[in-house]
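Me: I am new to reading protein structures and would like a close look at one part of this one. Could you start from a pocket and lead me step by step through what lies around it?

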Amino acid sequence: MVTAALYRDGQRSHTCATLTEAFEQLRNNPGSMAWIGLHRPSPDELHRLAVEFELHPLAIEDALEAHQRPKLERYGHTLFVVLRAARYLDAAEEVEFGELHLFIGPDFVITVRHGAAPDLPAVRRRLEDTPELLARGPEAVLYAILDAVVDGYGPVVAGVENDIDEIETEVFSNAPAVSRRIYELSREVVDFQRATRPLNRILGGLSAGFEKYEIDEELRRYLRDVADHNAHVTDYVDGFRQALQDILAVNATLVAQQQNEEMKALATAGHAQNEEIKKISAWAAILFAPTLVGTVYGMNFTTMPELNWAYGYPLALAMMAIVCAGLYGVFKHRDWL
């Protein structure tokens with residue numbers, strides 16, 4: 001348990017050190033409201049809360065397991081709400097998500113937080129500084145938490161927008177790791193969308209119960225303002241997702257163009273290399289011809305008639321010249337030289 005307190009007429013009347021004390025104080029002070037905050041509670045703590053406030057087993061199971069989609073469920077007189085808060089980490093340039101479960105009853109509010117966001121102590125301080133709002137009961141606490149969650153989306157929107165601007169610059173500067181960054185940011189935007197879009201349905205469901213549960217008119221205006229802010233956030237997130245898809249397509253095109261240029265450069269280099277190899281091969285063949293003739297006459301066998309012939313030496317030179325000239329002409333005709 002993080003903190004537990006009793007409130008009456010918008011003022012804190014008692015601070016409780018244990019769950020047992022909170023239960024006793026609420027029983028002994030009719031008309032008060034208990035606000036109990038927990039962070040990653042144990043099964044035993046949630047079981048005690050379930051017994052004391054008659055919480056539904058399915059809601060308790062969800063609160064224990066976490067990793068739930070944002071939703072709104074009503075079990076009798078208890079409202080169960082799952083929210084996904086978010087905060088932008090500047091140092092890591094990434095979005096961190098937290099999960100919050102709320103049990104809202106006639107005279108109690110239970111918050112079960114998984115993660116660092118949202119900053120519930122700040123919400124509590126804000127409500128305690130505005131007792132006229134806190135005096136409106138558990139619904140006021142719910143709407144204040146909703147407002148804090150949606151307000152927390154603002155810095156995330158600004159951070160993601162800045163990341164997208166940086167990625168656009170990196171794409172056109174051929175940064176090597178930009179594809180990975182686009183993918184990682186796309187995953188964060190998808191998670192952000194899964195946090196914000198269902199919240200529109202939650203706020204709509206709460207609005208639909210205004211008349212049935214006789215919600216205070218001031219709280220109705222408060223909720224409508226939260227719904228309007230979340231709608232703007234949802235529009236931004238949808239735009240981010242489309243922008244990242246467009247950036248990914250542009251990056252793929254630029255990468256393909258770069259690969260084509262590299263292949264073209266390789267092909268040009270290969271062609272030039274082939275030309276050089278042909279020239280070397282041609283000259284090697286030309287030089288091999290006189291070597292072959294010289295090798296034959298260099299064997300000096302006794303039965304070779306040309307050894308004693310007066311014109312043998314000029315004939316050998318002529319044969320070398322003729323063969324070399326013939327090979328040169330053939331290679332020149334084929335553009336090897």
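Reply: Happy to! A pocket here is an open set of grid points where a 1.4 Å probe fits, with protein on both sides within 12 Å along at least five of seven lines. Rolling a probe the size of a water molecule over the atoms shows where empty space is left. Please keep in mind that this is a predicted model.

Let us take the second largest pocket, which holds about 220 Å³ of space. Its lining is made up of 15 residues, and Ala117, Pro118, Asp119, Ala148 and Gly152 are the closest to its centre. Three elements each give two or more residues to this lining: strand β5, helix α4 (120-129) and helix α6 (138-172). Sorted by class, the lining has 11 nonpolar residues, 3 charged ones and 1 polar one.

Strand β5 is a good thread to follow from here. This strand covers residues 78-89, and 11 bridges join it to β6, with the two strands running antiparallel. One place to find that pairing on your screen is Phe80, which stands opposite Phe103 in β6. Between β5 and β6 comes a loop, and Glu93 sits in it. Glu93 has a phi near 55°, which is a positive value in a residue other than glycine. How buried or exposed is Glu93? Its relative accessibility is 34%, so Glu93 counts as partly exposed.

Now step onto β6 itself. Leu102 is found in this strand, which covers residues 94-104. Where does Leu102 stand with respect to the surface? Buried means under 20% relative accessible area, and Leu102 has 0%, so it is buried. Which residues touch Leu102, leaving out those up to four places away in sequence? They are Leu79, Phe80, Val81, Leu83, Ile110, Thr111, Leu142 and Ile145. Phe80 turns up again here, as a contact of Leu102 and as the residue opposite Phe103. For a sense of distance, try finding Ala325: it is 223 residues from Leu102 along the chain, and their C-alpha atoms are separated by 97 Å.

Next, zoom out to the sheet. It is an open sheet of 7 strands in the order β2-β1-β3-β7-β6-β5-β4, with mixed pairing. At its edges are β2 (11-16) and β4 (71-75), and each of them pairs on one side only. On average, neighbouring strands of this sheet are turned by 20° against each other, direction ignored. As you look at it, remember a general rule: in a regular strand the side chains alternate between the two faces of the sheet.

Let us visit the end of the sheet where β2 lies. Strand β1 (residues 3-8) pairs with β2 in the antiparallel sense over 5 bridges. Within this pairing, Leu6 has His14 as its bridge partner, while Arg8 stands opposite Gln11. The two strands form a hairpin with 2 residues between them, and Asp9 takes a positive phi near 55° there. β1 is also joined to strand β3 (residues 33-39) by 5 bridges, and these two run antiparallel as well. In that pairing, Thr3 stands opposite Gly37 in β3.

Another loop is worth comparing with the one that holds Glu93. Glu54 lies in the loop between helices α2 (43-53) and α3 (57-65). Glu54, too, has a positive phi near 55° in a residue other than glycine. At 70% relative accessibility, Glu54 counts as exposed, because exposed means over 50%.

Finally, return to α6, one of the elements in the pocket lining, and look across to helix α8, which covers residues 217-297 and includes Gly239. Glu161 falls inside the residue range of α6, 138-172, and its C-alpha is 9.9 Å from that of Gly239, although the two residues are 78 apart in sequence. Gly239 is partly exposed, with a relative accessible area of 37%. Asn251 is in α8 too, but it is buried, with a relative accessible area of 5%. Leaving aside neighbours within four places in sequence, Asn251 is in contact with Val171, Val178, Ser179 and Ile182. Asn251 and Asn174 are 77 residues apart in sequence, while their C-alpha atoms are 8.8 Å apart in space.

Conventions
Residues numbered from 1 in each chain as written. Predicted model: local features only at pLDDT ≥ 70, side-chain atom pairs only at ≥ 80, totals over all residues. Heavy atoms only, no water. Helix = DSSP H or I, 4+ residues; strand = E, 2+ residues; numbered from the N terminus. Buried < 20%, exposed > 50% of the residue type's maximum accessible area, 1.4 Å probe, protein only. Contact = heavy atoms within 4.5 Å. Pairing = 2+ DSSP bridges. Axes fitted to C-alpha atoms, helices over the stretch in contact; angles between N-to-C directions. 1 Å grid on protein atoms, 1.4 Å probe; cavity = no way out; pocket = protein on both sides within 12 Å on 5 of 7 lines; lining within 4 Å. Points joined across faces, edges and corners; volume = space filled by probe spheres on them. Nonpolar A, V, L, I, M, F, W, Y, C, P; charged D, E, K, R; others polar.
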